[in-house]
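Reader: I have a new model open and would like to understand the words used to describe it. Could you take me through the reasoning behind them?

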Amino acid sequence: MNIIVTGAGGFVGRALVRQLLALEPRVQRLTLLDSRLPPDLDDPRIVAVEGDLADPAIRARTVGEGADVLFHLAGVMGGAAEQDPALSRRINLDASLDLIEAVVAKSHKPRVVFTSTIAVLGAPFPAHVDDDTPLSPFLTYGAHKLMIEVALADMTRRGVLDAVSVRLPGILARPLGPSGMKSAFMSEVFHALVAGQPFVAPVSRGATIWAMSVERCAANLVHAATMDVALLPETRAVTLPALRLAFGDMVDAIVARAGVDPALVTYAPDAALETQFGALPLLSTPAADRGGFRHDGDVSAFVAAALAAL
């Protein structure tokens with residue numbers, strides 16, 4: 001397969017690239033696009049492209065002669081998109097559509113795996129989220145992601161590509177540093193406890209989150225590239241089967257594995273953050289389950305995998 005990965009230098013993108021390179025000899029060429037890529041890309045199958053997704057010349061270099069699979073991960077994240085809606089439109093909507101159309105023009109019905117978001121569901125959530133929950137984004141980020149979901153479903157209906165859109169929960173534990181994500185505290189607690197540093201959680205101990213390790217996320221994306229799409233709904237979009245965890249239970253599991261004092265974590269809930277990211281309800285994902293997508297199993301396995309990613 002000839003594969004394109006956008007956002008390949010990001011947290012999920014790097015994990016995905018590692019897993020794709022392990023699929024030898026099935027992967028013949030792997031074209032990676034990001035504004036900045038890691039320096040250790042020495043595999044002969046890799047074509048590295050650094051630049052702005054919105055630049056037509058960069059898109060042309062990335063698309064080349066086409067691809068069998070496009071993994072589209074690149075984007076402006078939630079908080080950053082909300083602060084700059086014009087930038088979100090330029091990257092998350094306009095440039096994304098231009099890229100997808102360019103790949104279609106050079107390829108024969110490519111599989112397009114698109115990383116959408118649970119932000120398409122809206123907030124506050126109902127008491128139970130399932131495949132029939134109405135989509136009502138409350139942020140620009142979620143709105144633009146949903147627009148791409150709809151466009152991909154329409155292109156699939158017209159037979160020009162074969163889309164799988166997966167809505168990601170919190171993927172942990174991300175590297176420290178500016179990410180533009182309001183949910184960054186979920187990753188920051190891992191780093192603080194591993195370093196033996198105090199951490200003030202902006203949500204309550206009982207706050208509930210949906211979470212997945214980065215390696216499990218990448219495995220789900222690889223699965224999306226080769227799965228039987230007859231198992232998917234007509235929308236070709238599914239919410240991934242995340243673990244629903246109490247924030248305090250996750251902290252306890254980190255403390256146990258890191259061997260640190262649980263008193264390092266104190267709680268000072270921010271009402272807005274708790275509503276958006278700490279009140280996630282029961283989750284049922286029958287469409288994703290039928291399609292073969294999986295979560296990490298339990299809180300202990302999830303925390304072990306998330307710590308390994310550090």
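Author: Gladly. A helix here is a DSSP run of H or I with at least four residues, and helices are numbered from the N terminus. Please keep in mind that this is a predicted model. With that in hand, Met 186 can be placed in helix H6, residues 185–194.

Reader: What makes Met 186 count as buried or exposed?

Author: The cut-off for buried is under 20% relative accessible area. Met 186 has 4% relative accessibility, so Met 186 counts as buried. Leaving out residues up to four places away in sequence, Met 186 touches Leu 172, Ile 209, Phe 247, Met 250 and Phe 277. Asp 52, on the other hand, is 134 residues from Met 186 along the chain, and their C-alpha atoms are separated by 28 Å.

Reader: And how do you know whether Thr 31 is buried or exposed?

Author: By the same kind of reasoning. Thr 31 has 5% relative accessibility and therefore counts as buried. This residue lies in strand E2, residues 29–34. Beyond its neighbours within four places in sequence, Thr 31 is in contact with Ile 3, Ile 4, Val 5, Val 47, Val 49 and Thr 62. In the whole protein chain, buried residues make up 54% of the 310 residues.

Reader: Now to the helices. Why is H1 called oblique to H7?

Author: Two packed helices are described by the angle between their axes and the distance between the axes. For H1 (residues 11–21) and H7 (residues 214–226), the axes come within 9 Å and cross at roughly 60 degrees. That angle makes H1 oblique to H7, because roughly parallel needs under 35 degrees and roughly perpendicular starts at 65. The crossing of H1 past H7 is right-handed.

Reader: Which residues make the contact between H1 and H7?

Author: From H1 come Phe 11, Val 12, Ala 15, Leu 16, Arg 18, Gln 19 and Leu 20, and from H7 come Val 214, Glu 215, Cys 217, Ala 218, Ala 219, Leu 221 and Val 222. By type, the contact of H1 with H7 has 11 nonpolar residues, one polar and two charged.

Reader: Finally, how do you know how the chain compares with a compact globule?

Author: A compact globule of 310 residues would have a radius of gyration near 19 Å, and the protein chain has 19 Å, so the two agree. Its C-alpha trace spans about 55 × 45 × 35 Å along the principal axes. The chain holds 11 helices and 14 strands. Of its contacts between residues at least 6 apart in sequence, 79% join residues at least 24 apart.

Definitions and conventions: Residues are numbered from 1 along each chain as its sequence is written. This is a predicted model: local features need pLDDT of at least 70, side-chain atom pairs count only at pLDDT 80 or more; totals for chains, interfaces and linings use all residues. Side-chain values use heavy atoms; hydrogens and water are left out. Axes are lines fitted to C-alpha atoms, for helices over the stretch in contact, and angles run from 0 to 180 degrees between N-to-C directions. Helices (H or I, at least four residues) and strands (E, at least two) are DSSP runs, numbered from the N terminus. Angles under 35 degrees count as roughly parallel, over 145 as roughly antiparallel, 65 to 115 as roughly perpendicular and the rest as oblique. A crossing is left-handed if the near helix is turned anticlockwise from the far one by less than a right angle, and right-handed if clockwise. Contact means heavy atoms within 4.5 Å. Ala, Val, Leu, Ile, Met, Phe, Trp, Tyr, Cys and Pro count as nonpolar, Asp, Glu, Lys and Arg as charged, and the others, Gly among them, as polar. The radius of gyration is taken over C-alpha atoms; the globule rule is 2.2 Å times the number of residues to the power 0.38. Buried means under 20% relative accessible area, exposed over 50%, partly exposed in between (1.4 Å probe, protein chains only).
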